[in-house]
Amino acid sequence: MERTKEQKMLKIPPRKIMTPGPVEVDPRVLRAMSMPILGQFDPAFTQIMNEVMDMLREAFQTKNHWAYPIDGTSRAGLEAVIASLIEPGDRMLVPIYGRFGDLFVEIGERYGAEIHTMNCPWGTVFEPQEVINELKKIRPKVVALVHGETSTGRMQPLSEIGHACREFDALLVVDSVATFGGADVRVDEWCLDAVIGGAQKCLSVPSGITPITYNERVEKVILSRKKVARGIATDSDRRAASVMPIRSNYFDLSQLQDYWSERRLNHHTEATSMEYALHEGLRLVLDEGLAARFIRHKVNEKALMVGIEAMGLELFGDPDCKMPTVTCVAVPDGVSADDVRNVLLKQFGIEIAGSFGSLQGKIWRIGTMGYGCRKDNVLAVLAGLEASLIRCGGSVNRGEALQAALDVYDEAAE
Ligand SMILES: *Cc1c(COP(=O)(O)O)cnc(C)c1O
């Protein structure tokens, strides 16, 4: 068969990706990914693994020994933690305030958890005390919470809930996929037991690798299940001992941590190029410094929000719990959310996101994450959105958005 010219060579159109992930990858990360492959037990490679662990501890603000990546997208990190903790019949409390809370339910159910959910309206978060009351009532083994809900652009305060989980002996598992590297995630100070971060969001690393960290409370559960897996032959004996082995092979943290320990016991073949990418992504975070990085995200977020409002559009959701890395904009009456997004992509090469479920067609979501969280991107998305809206029959305050955003940048530069 004759190959068309296009099939011979990839042609990637230039884009500004302003979605809540995946986002543009830093050129330094792309360069790291093009380096030669090493064997997974080569000391030159295991040295890189150790450096990744050190940098992850720093980025997660933790003294946990275990901080290493799972090979797979962020969902793989969530599944690895839940699969390794949840035995059939274990109680799991999931407070849901957006789409990604449902994902915890979906994964927990598959591993046999007895799920208890709580709900609050999309666009808000839980009062910590509400969750703590439920925790006292249900006494779950695991509380699973999303830190930054990308579907609604909200961020759940975790510290009080974390301390309460210690008091009532529950393990707090946190999805910080969309905040890790872009907003404060204080694993130790907030008493988070297991935390899943993201690569393709605020780290600006391609999708396909997922940093996690967990403490000794989590490790204890994992190791108890490992002993069972090795020591007891039949399922009925295991049930009698009331501990079941971890049901997933790929996501068995007890085996994965053996590979990430000095023993280097073989599990799967490490995704070498992704490891290089993560290494460089973490170096970028720590070179910039966590505090400076979080301020950069806040400044660009502010410029974006101010610009959106100056244009005459409304922001969606409770401003008191807004995520700094995702800004949700109410789609004005009379315009189609998708038409505007299509014009923005076609004419400007800028991608923004819609949303899910009841918010579909009602809001746009604009990400300001990692390498994509830049002044030129914010100014471009404001200019492009204004023009696209006018193109699609919307009415806006012409020319106001960029001036308002530039004022924010001028102020920040002073
Ligand atoms: C993006 C995202 C995920 C899922 O990540 P994948 O890499 O697509 O598996 C999970 N949780 C949150 C909060 C996210 O934003």
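In helix 3 (residues 43-60), aspartate 54 and arginine 57 sit three residues apart, which means that about one helical turn separates them. These two residues form a salt bridge, and their closest N and O atoms are 2.8 Å apart. That is a handy place to start exploring this predicted model. From here, the briefing moves through charged pairs, aromatic rings, helix packing and one pair of residues at a distance.

**Salt bridges**

- Side chains of opposite charge can pair when their charged atoms come close.
- The count of salt bridges in this model comes to 25.
- Take a second look at the opening pair: aspartate 54 is partly exposed, with a relative accessible area of 47%, whereas arginine 57 is buried, with a value of 17%. Arginine 57 counts as buried because its 17% falls under the 20% cut-off.
- Another salt bridge joins glutamate 189 to arginine 186, with 3.3 Å between the closest N and O atoms.
- Both partners of that bridge can be placed by their accessibility: glutamate 189 is partly exposed at 49%, and arginine 186 is partly exposed at 28%.
- Which residue forms a salt bridge with lysine 322? The partner is glutamate 301, and the closest N and O atoms of the two are 2.7 Å apart.
- Lysine 322 is in the loop between helix 12 (290-310) and strand 11 (326-330), while glutamate 301 is in helix 12, so this salt bridge ties together parts of the chain that are 21 residues apart in sequence.
- Is lysine 322 buried or exposed? Lysine 322 counts as buried, at 13% relative accessibility, and glutamate 301 is buried too, at 4%.
- Salt bridges can also share partners: Lys16, Glu24, Arg374 and Asp376 are joined into one network in this way.

**Aromatic rings**

- The model has 10 aromatic pairs.
- In one of them, the ring centres of tyrosine 68 and tryptophan 260 are 5.7 Å apart and the ring planes are at 20 degrees, so this pair is stacked. The cut-off behind that word is an angle under 30 degrees.
- How many residues apart in sequence are the parts that tyrosine 68 and tryptophan 260 tie together? They are 192 residues apart, because tyrosine 68 lies in strand 2 (residues 66-71) and tryptophan 260 in the loop between helix 10 (253-259) and helix 11 (272-288).
- Tyrosine 68 and tryptophan 260 are both buried.
- Tyrosine 97 and phenylalanine 126 make an edge-to-face pair, because their planes are at 85 degrees, with the ring centres 6.4 Å apart.
- This edge-to-face pair links distant parts of the chain, 29 residues apart: tyrosine 97 is in the loop between strand 3 (91-96) and helix 5 (99-110), and phenylalanine 126 is in the loop between strand 4 (114-119) and helix 6 (128-138).
- Like the stacked pair, tyrosine 97 and phenylalanine 126 are buried.
- Ring pairs also build a cluster, which links Phe41, Trp66, Tyr68, Tyr214, Tyr259 and Trp260. You have already met two of its members, Tyr68 and Trp260, as the stacked pair.

**Charges over rings**

- Arginine 99 has its charged end over the ring of phenylalanine 100, at 5.6 Å from the ring centre.
- Arginine 374 lies over the face of tyrosine 371, and here the distance to the ring centre is 4.6 Å. Arg374 is also one of the residues in the salt-bridge network.

**Helix packing**

- Two packed helices are described by the angle between their axes and the distance between the axes.
- Helix 3 packs with helix 11 at an angle of about 40 degrees, and their axes are 10 Å apart. That angle makes helix 3 oblique to helix 11.
- Helix 3 and helix 11 have a left-handed crossing.
- For helix 6 and helix 7 (residues 159-167), the axes come within 9 Å and cross at roughly 15 degrees. That makes helix 6 roughly parallel to helix 7.
- The crossing of helix 6 with helix 7 is right-handed.

**A pair of residues at a distance**

- Alanine 387 is found in helix 14 (residues 375-391), and this alanine is partly exposed, with a relative accessible area of 32%.
- What is the C-alpha to C-alpha distance between alanine 387 and threonine 73? In space they are 35 Å apart, and in sequence they are 314 residues apart.

Methods
Residues numbered from 1 in each chain as written. Predicted model: local features only at pLDDT ≥ 70, side-chain atom pairs only at ≥ 80, totals over all residues. Heavy atoms only, no water. Salt bridge = Lys/Arg side-chain N within 4 Å of Asp/Glu carboxyl O. Helix = DSSP H or I, 4+ residues; strand = E, 2+ residues; numbered from the N terminus. Buried < 20%, exposed > 50% of the residue type's maximum accessible area, 1.4 Å probe, protein only. Phe/Tyr/Trp six-rings, centres within 6.5 Å; stacked < 30°, edge-to-face > 60°. Lys NZ or Arg CZ within 6 Å of the ring centre and 35° of its normal. Axes fitted to C-alpha atoms, helices over the stretch in contact; angles between N-to-C directions. Parallel < 35°, antiparallel > 145°, perpendicular 65-115°, else oblique. Left-handed = near helix turned anticlockwise from the far one by under 90°.
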